Structure formats: C-alpha cells, structure tokens
Amino acid sequence: MKHTIKYANFEVGSGEKLQTYLPVDGTEVKIPITIINGTGDGKQVVFTSGVHSGEYPGIECCVEMAQEIDPADVNGSIVFVHPCNPTGFEAQISYFVPEDGKNLGRAFPGDPNGTLSEKIGAAITEAFFSQPCDMNVDCHGGDLHERLSTFVFAPKNGTEEARRIALEVTALMNCKFVVMTGTGLTNYLVEKGIPSIVLERGDRGLWTKTEIDLYKKDLYNVLRYMKVIDGAVNYHGPEPYVFQKCDMEYSPVSGCWHRNIELEEHFVQGQKLGEVRDFHGNVLHTVYAKYDGVCHSYWAALSIRKGQLMVGYGA
C-alpha cells in the first residue's frame, strides 16, 4: 500500500498533490514547487526548471504539467521545481541570481552558509536529492539573448547505471543534437548515481505554445519510460546528431558581437565564426573554429559582456 512521502518538511499523502513553496533558510526567498504522490508504488522523478531564470519554455512546461497531472494516474512520485531561481525570474535577467551575481547552474550541491545562489543550491539538493531519486530532467533553453537548436546535454561521466538510464532517456527526446558533456546540476547528480540530463529548448526570452507542447511531450515521455504514468513510450525520428566533443566560446572582452555563423550551419576548422568589436568598429577579438563542426547555439544580441557565450558548436 502506498505511503505518505516527505520532502523537506512537507508530507504528502497517497493520491495527493501539494503546491507550495520551499523556503531557503536564512533568506526571504521561497521556491515554487509541486509534489505529486501517486496512488501506486513506483519511481521518484524530479523536474527542475528556471535554474537560468530567462529560459521560459521549461518553466511554463513544468507549471502546466504540475497542474494537469492527476495523482490517481501516478505510480511513484513527481516533483516540479518551477522556477529554481525566482528572484532572477522576477528581475527578468539572464543566467544569474541577482543578489550575488552568480550562475545558479554552477552552485550545486550548494552551501547553506554561502551566498544566495549557494543557499538555493543547498535547499534544492537537500530537499529533493538527499534521498532516493530515480531521474532528473533539468529544463533549460536559450536565455534572453541566446539562439539555439533543441538539444540535450547528456552525461559523459558518472556512475555506469546513472549514465545508462540518462542515455536511454536522451534517446526519447525530440531534439536535433546531443552533447556528451558534464554540466551543472546534471554533472553533480550523475556522479552521485542519480540519472540526469539537461534539455535545451526555446530561446531569446520567448515562449510559444508550440514550444511548451513539445517540451511537455518530452517530459511525459520520460514519465512513461520510468513507468510513473501509464502509456506507450513514443520514439522520435530521425535520431539526433551526437557530439563527442563540444566547445562553448565565451568572450574575453566586452563590446559589440558580430557573428559569421547560423544555427545548424556546418563549418571547417579555422573558419571565422565571429568577432567582438569596439564602438568604433575596431576588432577586439576574433573566434575561429577549432575543428570541423556544427553550430548549436550563439549569442543573438549586439551587446556582449566579458564572459558571455559567443557561439557553441560541436562535432
């Protein structure tokens, strides 16, 4: 018989759904969460979204699914975090937690005595990943000034079983590319033995119903694969192109970004991908391809700051 489950200080009975806020100790920040405890035994799945607060499709997808799912249709439990970075969402900024200027994606597993980003990382880790978890999808997209093709960051490292499951879930995603690399929360989780992937969909601080519907189809597919909800798993075609290596080129200077590449464009080693200029048009930095490859993302704005992504590509 299914029992009550507990995350942090929240207890959710069999067949119940709780929509509430996870407090971040020592702060006034509260993170919106939904916990669904099904009527049957099964796996525990956690969907995180809004680690980067301007990546909207994943956030809205989690909000809608959290409303739609009936606990009576669930075997196991589902957690939605929507969004992880609420103050960044309210401030309408890219990437960072505004109070400390740090990238929350690099803050896991966090530090309860650290800055706000680290406190948020610690609160989420302790609440949802300090106990059994069978799958995490970290929902991302192109932030306010990014363009990207839909792709998955799949783990290159981690325990053998966590990688196996993560790669099987990756094969279910409707995406153009798969990048084999470790990054952020996913990297921490797979090293801990928890399967996790990053799904990237949508860009430029926009969201559409089409993007949300595609996102939901992928996440429902994850739930079917994990047997948390009933139904046949849907396989998409054609299979995505798998990058065995990937480079994310970040600008060493601030200035005006001029790119020479389009999404999904193939290029050759040494080809000019773009350059950063000053306000008089003088070239400050030029980026060239390190190898033959394909572009999966780029900075879409004219203004670029030191440390921001210019172009992402792989092969």
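Let's start with a hairpin: strand S3 (residues 16–23) runs antiparallel to strand S4 (residues 30–37), and eight bridges hold the pairing. Keep in mind that this is a predicted model. Within that pairing, Tyr-21 has Pro-32 of S4 as its bridge partner. Six residues sit between the strands of the S3 and S4 hairpin, and Gly-26 has a positive phi there, near 80°.

Now over to strand S20, which covers residues 293–299. Is S20 mostly covered or mostly open? It's mostly covered, with seven of its seven residues buried. If you want to check that on the model, buried here means under 20% relative accessible area.

S20 pairs with strand S10, with strand S17 and with strand S22. Here's how those pairings look side by side:

| Strand paired with S20 | Sense | Bridges | A residue pair |
|---|---|---|---|
| S10 (residues 146–148) | antiparallel | three bridges | Leu-148 and Ser-297 |
| S17 (residues 266–267) | antiparallel | two bridges | His-266 and Val-294 |
| S22 (residues 309–314) | antiparallel | four bridges | Ser-297 and Gly-312 |

Ser-297 is a handy residue to click on. Which residue of S22 stands opposite Ser-297? That's Gly-312, while Leu-148 has Ser-297 as its bridge partner in S20. Elsewhere on S20, Val-294 stands opposite His-266.

One thing to have in mind while you rotate the view: side chains in a regular strand alternate between the two faces of the sheet.

Note on methods
Residues numbered from 1 in each chain as written. Predicted model: local features only at pLDDT ≥ 70, side-chain atom pairs only at ≥ 80, totals over all residues. Heavy atoms only, no water. Pairing = 2+ DSSP bridges. Buried < 20%, exposed > 50% of the residue type's maximum accessible area, 1.4 Å probe, protein only.
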